[in-house]
Amino acid sequence: MSAPAAHGRVLPTLNEDGSRNWLRPKPAAGRWWRRRRTVAYALMVLFLALPHLTVNGMPAVLLDLPRREFTILGTIFLPTDTLLLMLLLASCLIAIIVFSALFGRVWCGWACPQTVYMEWVFRPLERWIEGGRSGSLGIDRRHAYVHPRRLVKYAVYAAISLVLAHTFLAYFVGVAAIEQWVRLSPYEHPVPFVVMAVTTGLVFHDFTFFREQTCVIACPYGRMQSALLDRQSLVVAYDRARGEPRAHAESARTHRPANAGDCIACNACVTTCPTGIDIRNGLQMECIHCTQCMDACDQIMARVGKPPGLIRYSSQAILAGEPRHLLRLRVVLYPLAFAIAFGGFLYALSTRSHADVTLLRGTAAPFTVEPDGRVANQVRVKIANRSRRERSYAITVVGAEGGQVIAPESPLTVKAGEQRTTSVFVLLPRTAFINGRRDVQVSISDGDDFAGTFAFNLLGPAGDGGGR
Ligand code: SF4
Ligand code: SF4
């Protein structure tokens, strides 16, 4: 039973009966296409190379989620760096908002991995393997999904998805771990194998089947654009005043109406659109500002002897004949917010110490009373070494005079970017405690550029009370 036909506009990826409308956009090579291709190739090289690069002996990027430790450009961020990470995330978010307010969806059309790989890897391969756009459309029309060419395409897509998934996961586990997993049997590392298989499957599904629907349906950034853009923002737009009323190419050549606009209704801008929309209908959420319609239309304009730019980068205000306002409230406030967030991040980063120290009580009883009557406190010292080299931290306790301090692991050696916990035992006579408390200072120093003193309350029997 077929679905009831929809009334009005439906998603460009859907037919009116609800079935999938497979988009096979026709490439339009022009000046914008060449510029985007250069950017796309550079980004692909960067994506593949980054996990292999190091900065000062540390990974350029390593987002170690299980250990909750992020390394970015050789700088280590630990779970205790909440403020730093918050400021960094806020800076990125505000930067996206500023960028969108000024330049619209330039990110989507030029730099988003979905667009970069779809338009510069997967679609070109599809056209090459299936015999061009007409070959793909022919297979679609015949519903010949097990066509030999399409099966070859799936195999090539699967291989590329495997490479992309391995590279993507290298950002989270490091290249060394990936290389080790690749050499081992799946039985020896079942969990990483499943993670890799699922990631590869998701990449394959996205670029093979889901495709432009990621931009049209799933991406939250696309949904937010109406809030981020204003009438002065840079957008890819059709110059309605110049293009309308449309006159078909034939009529334009023979009996062109006197009031005809420059649009010859050739639909080249629609057939090249990777999200299947008609830019002449105005700014739409599905438009990823990829500039393909600009190139397609410029080629048509050249053929009919008209100047280029019927579809061009502009703003809604300019096209409506309104004055241009470069200085708007949002382009003042957003950069200000960015400067505050990013400035705060840089300040916090530059004043951050090389080590992060946490003092904790023993995990069993708060204190114990030894057979000789002395009160013993266990102090657990956790030291995170944020620096780029191994360090040894000497641990001393000040304020325990008359007692005994046992620090079996002082100095405590901690590798770069790692954290370790050791225990220090402080034994004091019962008389050293007032109302069951004794304040001491735990001093930690690496003998170089880190030294810190941290207050700690030892606990003991209150009044005549005993331990345990
Ligand atoms: S490509 Fe240009 S001329 Fe052709 S339909 Fe689109 S806007 Fe009109
Ligand atoms: S309308 Fe033009 S800029 Fe927008 S997605 Fe389609 S081809 Fe790209």
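Which residues are the closest to ligand 2? In this predicted model, C273, I279, C287, C290 and C293 are the closest of the 14 residues that surround ligand 2. Sorted by class, the shell around ligand 2 holds nine nonpolar and five polar residues, with no charged residues.

Ligand 1 makes a natural companion to this description. Its surroundings comprise 15 residues, of which C263, C266, A268, C269 and C297 come nearest. Here the shell has 12 nonpolar and two polar residues, together with one charged residue. At least two residues of the shell around ligand 1 come from helix 13 (268-271), and at least two from helix 14 (292-303). Helix 14 gives the most, supplying three residues to the shell around ligand 1.

On the level of the whole protein, the domain assignment gives domain 1 (31-80 + 112-211), domain 2 (226-319) and domain 3 (355-459). Taken over C-alpha atoms, the centres of domain 2 and domain 3 are separated by 71 Å.

Strand 11 (residues 391-398) offers a helpful view of strand pairing. In a regular strand, side chains alternate between the two faces of the sheet. Strand 11 has a covered face made up of R391, Y393, I395 and V397, while S392, A394, T396 and V398 form the uncovered one. Two antiparallel partners can be described for this strand. With strand 13 (residues 412-414), strand 11 pairs in the antiparallel sense over three bridges, and S392 stands opposite T413 in strand 13. Strand 15 (residues 437-445) is joined to strand 11 by five bridges, and these strands also run antiparallel; the bridge partner of V398 in strand 15 is Q441. Both S392 and V398 belong to the uncovered face of strand 11.

Note on methods
Residues are numbered from 1 along each chain as its sequence is written. Chains are lettered from A and ligands numbered from 1 in the order in which they are written. This is a predicted model: local features need pLDDT of at least 70, side-chain atom pairs count only at pLDDT 80 or more; totals for chains, interfaces and linings use all residues. A residue is near a molecule or strand if its C-beta atom, placed from the backbone, lies within 6 Å of it. Helices (H or I, at least four residues) and strands (E, at least two) are DSSP runs, numbered from the N terminus. Ala, Val, Leu, Ile, Met, Phe, Trp, Tyr, Cys and Pro count as nonpolar, Asp, Glu, Lys and Arg as charged, and the others, Gly among them, as polar. Domain bounds come from an automatic or database domain assignment. A residue is buried if 20 or more other C-beta atoms lie within 10 Å of its own, exposed if 12 or fewer, and partly exposed in between; C-beta atoms are placed from the backbone. Two strands pair if DSSP finds at least two bridges between them.
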